[in-house]
Amino acid sequence: MALQCRLSGATFQSLKLATIPISSSSSRFIFRTLPKTLNLALFSRHSAPKAPPFSVLIRNLSAPAVAAAPAAETSDIKVVKPQWNAAIDFKWIRDNKEAVAVNIKNRNSNANLELVLQLYDKMLNLQKEVERLRGERNNVANKMKGKLEPSERQKLIEEGKNLKEALTTLEEDLVKLRDELQIEAQCIPNLTHPDVPIGWEDSSKLRNMVGSPRKFDFPIKDHLQIGKELDLFDFDAAAEVSGSKFYYLKNEAVMLEMALVNWTLTEVMKRGFTPLTTPEIVRSSVVEKCGFQPRGENTQVYSIEDSDQCLIGTAEIPVGGIHMDSIVAESALPLKYVAFSHCFRTEAGAAGTATRGLYRVHQFSKVEMFILCRQEESDMYHEELIKIEEDLFSSLGLHFKILDMATGDLGAPAYRKFDVEAWMPGLERYGEISSASNCTDYQSRRLGIRYRPSESPSTTSKKGKTNLAATKFVHTLNATACAIPRMLVCLLENFQQEDGSVIIPHPLRPFMGGVEAIYPKSR
Amino acid sequence: MALQCRLSGATFQSLKLATIPISSSSSRFIFRTLPKTLNLALFSRHSAPKAPPFSVLIRTLSAPAVAAAPAAETSDIKVVKPQWNAAIDFKWIRDNKEAVAVNIKNRNSNANLELVLQLYDKMLNLQKEVERLRGERNNVANKMKGKLEPAERQKLIEEGKNLKEALTTLEEDLVKLRDELQIEAQCIPNLTHPDVPIGWEDSSKLRNMVGSPRKFDFPVKDHLQLGKELDLFDFDAAAEVSGSKFYYLKNEAVMLEMALVNWTLTEVMKRGFTPLTTPEIVRSSVVEKCGFQPRGENTQVYSIEDSDQCLIGTAEIPVGGIHMDSIVAESALPLKYVAFSHCFRTEAGAAGTATRGLYRVHQFSKVEMFILCRQEESDMYHEELIKIEEDLFSSLGLHFKILDMATGDLGAPAYRKFDVEAWMPGLERYGEISSASNCTDYQSRRLGIRYRPSESPSTTSKKGKTNVAATKIVHTLNATACAVPRMLVCLLENFQQEDGSVSIPHPLRPFTGGVEAIYPKSR
């Protein structure tokens, strides 16, 4: 959601976006608000258009004393240095300006394409100018190799000195300009799959529906009431010990969590995924590279004091990072991971939204799928991921619908996103339980994950010399396999019985030591 | 370890204590260094002994203008207000001064008993003085009810005004004095079980030994090498994504972690413990009340930026907090919990200590036992806890010894502590894998957990009126059931086979889907 790319006037939008799904989905979890300091710097630059820094410099080359002044002025434009660079294809963006502009509009992003293109042109010009000056300086240096009149030599020395100073200034400016360009360009969202409906969330398209709402012939309870009667969780103690929206799971809820995690891991591993547990504290830069904003007022990310680390909101982050800055063999692709982690979210701004009980909490367990693949295969693996989700949830006996999310509901990294919304009879609505996103090369361009296509058999060169093909960026996909608290909501509310017990779905029973139902405790 | 109660000269001690066991053990995990600001405040007070604030105040009662000056001076003594109060039995401490002093010495604590007693006396005196003044003020008020000469009345008004001002000042001083007393007294460690050996760690007494080191007829590998060959973890990627001493578990290591957690929970639940999962973000005050120091330079605790919350280093903290500030029914005791959580530790100062591979890490999974019981039963439950640990570890086939830890190795909260050290053939040494502590009333006096003894049958009063007995403070105990990474070290190193595989102990196999061994992957 690049709408948050600036702080100004994004209040309404932030509130809407604060209703973050508990599943992995990158989209709503993202706050593209840049840190305040950065925004102020950008604004102050925009409000002082009288001194176009670079053109002035170029014109003042032969008068270094004068040139020094605008240079100092330029350094006052405090462009915050990006901590890392995304490998953004600026040329492609320029050559596909129209399409990028339409995409930014469709996704309700407030990325500033004009500014990006303007900065890019400036940078290209400045680059040329730098090269020209380098050439001139070399000329002067060459001239000085011959025999010269002292006055002529003096003039050349002077000229060389001026050129050197000008060059130093321009090179510094070039660095700053590149940083500025990088920061602006990072706001541009991923492209969008042609089939994605255009509009806000209500434009999202129903892909398919599984099962139907269970009919109850007794008054139904919501999961909070069931949990209270069966002694399954404690929100009150957690509010004292930790704060609101924290909880203890108790008794069978603990075993149910374990069973869900184990069963899900087992099922997904059967499909060829490598299981992982991940660090839950990661560097902020990795969070950013995955398309999340760890800083800023409305951030969803808990930061660790006195460090550059923060807590993960989803295992997508540490799994995305596992191949960071590396080139993987094409033969190793696809890399399919299924990761178990705890996830932590501040839920800033979520006050007042649907937050009853386990639906929206600060900490939860989640099993997440993640795929790195060749570019031409990401659509196929996106289908595979949503199929696995469908299999898992339907084998638990849930009724749910799968939505192809509209452009306005996609996070900046997602090219396409399928959400699963399951029926929660106690809450009397559908609630998001998972989400599957194809992020194409958005994350991998930031994380620096490439692969080297193997040569086609016809081009194997003679003499055993291999023609190394150019590297390509992998595509990344992520999908929730099981977000425990929302799954507990579904299981408790859908499988409650008239006698107050809750039936455990068959697939989970072997993972709960054969327990078939949760009964009220006799006290 | 109350030695850390002040920052001064504790450097050596801090370094030693930085080698924190991965298991729950409160002891070495504790840094009793108070936050810097607090210490500075205390030092500045000590360095200005010229103005004994309270006696001065009392003597200048009839001269309010003069009294105001020392009062202002008193407020300059910035005694940091404790955020919470421990229910410390000062009278008992005073009446058992000798025993407390010996205990402080035995435990190498630098709690300042003299200062505590001095502050306590001062507080008692000031309390009396406040009561005396209140009486005088009442006298004056009573006198004014009668008919009086105007001059006489004027004198009484003046007198009443002076008394009121003096009283206000004294009452403020009393609050400050109580705070100061509280902060000093919180440094006093728990008492010590009479059987605990006195001295440093090497004085710890062998309680018993189980099994014997396995004889290998092939060259043994350490867990790091085994993990590399079997593709079980990734420290390199974690170092990039998170930092050093973080790790991903992969493949069978993930399943082994799940199996260990599940099996341990199942075994401990069989023994009547209630399973829990807990919040992993808690208020700093709860961390303090459990006897850990969340602030200060060498803290083991990760704090959350811009909040009063931090990450738990052990589930002992949120489980200890679950009954915070409450009175439980005696019939509900003992309360036995077994909690699964992730734990987070900065390991500040642990550089250079035994830190290979999984032995000392920033994040790990742990199953922790916790008991709240009647005072007279804590020794018995301590035996029960160490028996459970012994049962668990011996049924996995480990060789280990159980130590009764010496006074110098007890944390401030522990009355007695048993450590389990298991043989790790790859590391070629015994390593701590768990610890069981009886904290008697140390934590419960801070957490405010009491019970009301039921009346003995003979004293049930007539007319159905119940004589409500005075509340007592519960005793708390904690013990590691399974600290996963150190258990992985044990399992991999002890059960490695000549062919490079690792066999899984029988009890875990039903929890790994029947997997009996980990074999090298064919690539």
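So, where in chain A does UniProt place the feature "coiled-coil region"? The UniProt record, an unreviewed entry, puts that feature at residues 116–180 of chain A; positions are in the numbering used here, feature names are shortened, and annotations may be inferred rather than shown by experiment.

Quick housekeeping. This is a predicted model, where local features need pLDDT of at least 70 and side-chain atom pairs count only at pLDDT 80 or more, while totals for chains, interfaces and linings use all residues. Residues are numbered from 1 along each chain as its sequence is written, chains are lettered from A and ligands numbered from 1 in the order written, and side-chain values use heavy atoms, with hydrogens and water left out.

Back to 116–180 of chain A: that span is 91% helix and 0% strand, and its end C-alpha atoms sit 9 Å apart. Helices (H or I, at least four residues) and strands (E, at least two) are DSSP runs, numbered from the N terminus.

Now the interface. Chain B and chain A each put 50 residues into the contact, meaning heavy atoms within 4.5 Å. About 4400 Å² gets buried between them, with carbon and sulfur atoms giving 61%; that's accessible area (1.4 Å probe) lost on putting the two parts together, summed over both. On the chain B side, B:Val241, B:Tyr248 and B:Thr277 lose the most area to chain A, together 14% of what that side buries.

How many salt bridges are there between chain B and chain A? Two, counting a side-chain nitrogen of Lys or Arg within 4 Å of a carboxyl oxygen of Asp or Glu. One I'd point you to is B:Arg295 with A:Glu305, closest N and O atoms 3.3 Å apart.

Several elements of chain B supply at least two residues each to the side touching chain A, among them helix 11 (235–241), strand 3 (248–250) and strand 8 (335–344). Helix 12 of chain B gives the most, with nine residues.

Strand 3 of chain B also runs antiparallel to strand 4 (residues 274–277) of chain A, joined by two bridges; strands pair if DSSP finds at least two bridges between them. There, A:Leu276 has B:Lys250 as its bridge partner.

Last bit, within chain A: three strands make an open sheet, order 7-13-14, with mixed pairing. Strand 7 (326–329) and strand 14 (472–473) of chain A are at the edges with a single partner strand each, so one side of each has no neighbour in the sheet. Strand 13 (residues 449–452) pairs antiparallel with strand 14 over two bridges, and A:Arg450 is partnered there by A:Phe473.
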